[in-house]
Amino acid sequence: MDIQYNVKKVMERVAEAAHKANRSPESVTIVAVTKTVDVGRIMEAINAGICHIGENRVQEFVKKHEFIPVDVKRHLIGTLQTNKVKYIIDKVDLIHSLDRLSLAKELDKRAAAVNRVVPVLIQVNVSKEATKSGIYEEEVESFIEQLEPFEHIRVKGLMTIAPLSEDAESVRPYFARLKELFEKIKEGKYNHIDMEYLSMGMTNDFEVAIEEGANIVRIGRAIFGER
Ligand SMILES: *Cc1c(COP(=O)(O)O)cnc(C)c1O
């Protein structure tokens, strides 16, 4: 498994999808998803030009943290249990999975304790699959309003996971809907949030996600191979 080659290929595919959407390749951040991947292989990806990594489990995040260069940005992309917030609060650069008020409350409390404002994305369950976490589209705005008192978290955008499908085209409508919601919220001009990031697209569907407006893609298997 040639990780350096894979990173180069992914970068080329991201650039091509960005061009297709009349955007610059630099406008899309590639988060290399490193779950189940050991530090040696993560370093290969970093040496090939990866600057952002994403873990979906706190335990793995914490275990690898000290071995990853400090200038590499750390993303927490998986469902976050409230009782694990304390382990990552001073280490994480962006949390993609804010999906409930109790988590916001804990994040705010723990971030205040370490004197920082933690950047988060709201996870949206666009497809409403029962197995997925995330706020439903129509509830996102009222959720945002409820976050106003929490001064130690800053909403920076939205994230979604599309339904698993062999055919990337079939998930295009979900990405388009999240982009639409993203723009609507942006126009809502809430003072306590910044709509900067739209995190959508994985190995199976990242090109379609970029065409529909994603500026963060989360890619595991196309870089590290099958898990
Ligand atoms: C595993 C995972 C990814 C990456 O999936 P691949 O299909 O390996 O690209 C992206 N986002 C989340 C939330 C994940 O858990």
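Which side chain makes a polar contact with the side chain of S127? The partner is the side chain of E129, and the two are 2.9 Å apart. The structure described here is a predicted model.

## The S127 contact

S127 belongs to the loop that runs between strand β5 (118–123) and helix α6 (140–146). Its relative accessible area is 18%, so S127 is classed as buried; the cut-off for that class is under 20%. The polar contact with the side chain of E129 is therefore made by a residue that counts as buried.

## The ligand and its surroundings

The shell around the ligand consists of V33, K35, N56, I77, I161, M202, T203, R218, I219, G220, R221 and R227. By character, these residues divide into five nonpolar, three polar and four charged. The space that the ligand takes is the largest pocket.

Several polar atoms of the protein lie beside oxygen atoms of the ligand. In the side chain of K35, a polar atom is found 2.7 Å from a ligand oxygen. For T203, an N or O atom of the side chain is 2.6 Å from an oxygen atom of the ligand. In the case of G220, a polar atom of the backbone is involved, at 2.8 Å from an oxygen atom of the ligand. On its own the ligand would expose 390 Å², and the protein buries 93% of that area.

## K64 and T34

Helix α3 covers residues 58–65, and K64 is placed within it. Is K64 buried or exposed? With a relative accessibility of 7%, K64 counts as buried, because the class includes values under 20%.

The side chain of K64 also has a polar partner in the backbone. One of its polar atoms lies 2.8 Å from the backbone oxygen of T34.

## Positive phi angles in two loops

Two residues that are not glycine have a positive phi angle. For N22 the value is about 60°, and for T36 the angle is near 65°.

N22 sits in the loop between helix α1 (3–20) and strand β1 (29–33). Its relative accessibility is 73%, so N22 counts as exposed. T36 is located in the loop between β1 and helix α2 (39–47). The relative accessible area of T36 is 54%, which means that this residue is exposed as well; the class requires a value over 50%.

## Helices α4 and α5 and the loop after α4

Y87 is part of helix α4. With a relative accessible area of 42%, Y87 is partly exposed. Along the chain, Y87 and V7 are 80 residues apart, and their C-alpha atoms are separated by 30 Å.

D93 occupies the loop between α4 (85–88) and strand β4 (94–98). A relative accessible area of 28% makes D93 partly exposed.

E106 is a residue of helix α5, which spans residues 101–113. Its relative accessible area is 13%, so E106 is buried.

Two pairs of residues in this part of the chain can be set side by side. How far apart in space are the C-alpha atoms of E106 and K86, which are 20 residues apart in sequence? The distance is 8.7 Å. D93 and A113 are likewise 20 residues apart in sequence, but their C-alpha atoms are 17 Å apart in space.

## V217 in strand β8

Strand β8 is formed by residues 216–219, and V217 is found in it. The relative accessibility of V217 is 0%, and V217 therefore counts as buried. From C-alpha to C-alpha, V217 and D205 are 9.4 Å apart, with their positions 12 residues apart in sequence. Strand β8 comprises residues 216–219, and R218 and I219 are among the residues around the ligand.

Technical notes. Residues are numbered from 1 along each chain as its sequence is written. This is a predicted model: local features need pLDDT of at least 70, side-chain atom pairs count only at pLDDT 80 or more; totals for chains, interfaces and linings use all residues. Side-chain values use heavy atoms; hydrogens and water are left out. A residue is near a molecule or strand if one of its heavy atoms lies within 4 Å of it. A polar contact is a pair of N or O atoms within 3.5 Å; within protein, one must be able to donate a hydrogen and the other to accept it, and residues adjacent in sequence count only if both atoms are side-chain atoms. Accessible areas come from the Shrake-Rupley method with a 1.4 Å probe; for residues, only the protein chains shown count as cover. On a 1 Å grid over the protein atoms alone, a cavity is a set of points where a 1.4 Å probe fits but cannot get out, and a pocket is an open set with protein on both sides within 12 Å along at least five of seven lines; lining residues have an atom within 4 Å of a point. A molecule sits in a cavity or pocket if more than half of its atoms lie within 2 Å of its grid points. Ala, Val, Leu, Ile, Met, Phe, Trp, Tyr, Cys and Pro count as nonpolar, Asp, Glu, Lys and Arg as charged, and the others, Gly among them, as polar. Helices (H or I, at least four residues) and strands (E, at least two) are DSSP runs, numbered from the N terminus. Buried means under 20% relative accessible area, exposed over 50%, partly exposed in between (1.4 Å probe, protein chains only).
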